[in-house]
Amino acid sequence: WVTLVVVMFFALCMMYKFAPHKKLRFKEIIPGTIFSMAGFMLLTVGFSIYVTYFMRGSALYGTIGTVILLMLWMYIVGMILIVGAEINSAISIMPRKRKN
């Protein structure tokens with residue numbers, strides 16, 4: 001778990017640092033990175049529990065049910081990443097509003 005957290009934190013920091021067109025400082029990207037990392041892990045564990053214990057329809061729906069569940073997981077992960085970027089954006093704007 002420690003390796004997963006370190007690698008994921010580094011990867012998300014790099015994504016949030018270099019993907020936007022705006023230069024962001026490291027302390028401005030930490031809250032969004034932590035939110036995205038926690039959301040990703042909670043979502044993955046939640047989906048794992050769901051598939052393990054509650055996915056009784058896999059015999060009925062088969063592969064198409066698995067594909068739909070994977071697409072839903074990817075959609076929610078994308079939403080978590082976007083919300084993390086929005087958190088970083090809001091934090092980078094806040095100091096400018098205080099000065100004015």
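**Burial, exposure and helix faces in a four-helix chain**

Buried residues make up 23% of the 100 residues in the protein chain, and the model discussed here is a predicted one.

Reader: What makes up the protein chain in terms of helices and strands, and how do the elements run?

Author: The protein chain has four helices and zero strands, and from the N terminus on its elements follow the order α-α-α-α. Of the contacts in the protein chain with a separation of 6 or more, 76% are accounted for by residues 24 or more positions apart.

Reader: Why is Asn88 called buried?

Author: The relative accessible area of Asn88 is 2%, and buried means under 20%, so Asn88 with its 2% meets the criterion. Asn88 lies in helix 4, residues 63-99, and, leaving aside its neighbours within four places in sequence, Asn88 is in contact with Tyr16, Glu28, Ile29, Ile30, Pro31, Gly32 and Thr33.

Reader: Why is Trp1 called exposed?

Author: For that word the relative accessible area has to be over 50%, and Trp1 has 70%, so the term applies to Trp1. Trp1 is placed in the segment before helix 1 (2-18).

Reader: Which residues make the nonpolar surface patch, and what supplies its largest share?

Author: The patch, of about 870 Å², is made by Trp1, Leu4, Val45, Ile49, Tyr50, Val51, Tyr53 and Phe54, and its largest share, six residues, comes from helix 2 (residues 26-54). As for the protein chain, about 7,500 Å² is exposed, with carbon and sulfur atoms supplying 75% of that area.

Reader: How do you know that the span of helix 1 agrees with what its residues should give?

Author: The expected span is 1.5 Å times one less than the number of residues, which for the 17 residues of helix 1 should come to 24 Å; because the end C-alpha atoms of helix 1 are 24 Å apart, the two values agree.

Reader: Which residues of helix 1 are buried, and how do you know whether they line one face or are scattered around the helix?

Author: Met8, Leu12, Cys13 and Tyr16 are buried in helix 1. Seen down the axis of helix 1, the buried residues fall within an arc of 135 degrees, and therefore they line one face of the helix. An α-helix has 3.6 residues a turn, so residues three or four places apart point the same way. On the other side of helix 1, the exposed residues are Thr3, Val6, Val7, Phe10 and Phe18.

Key. Residues are numbered from 1 along each chain as its sequence is written. This is a predicted model: local features need pLDDT of at least 70, side-chain atom pairs count only at pLDDT 80 or more; totals for chains, interfaces and linings use all residues. Side-chain values use heavy atoms; hydrogens and water are left out. Patches are made of residues with over 30% relative accessible area and no salt bridge: like charges are joined within 9 Å, nonpolar side chains (Val, Leu, Ile, Met, Phe, Trp, Tyr) within 5 Å. Accessible areas come from the Shrake-Rupley method with a 1.4 Å probe; for residues, only the protein chains shown count as cover. A salt bridge is a side-chain nitrogen of Lys or Arg within 4 Å of a carboxyl oxygen of Asp or Glu. Helices (H or I, at least four residues) and strands (E, at least two) are DSSP runs, numbered from the N terminus. Buried means under 20% relative accessible area, exposed over 50%, partly exposed in between (1.4 Å probe, protein chains only). Contact means heavy atoms within 4.5 Å. The arc is that of the directions from the helix axis to the C-beta atoms.
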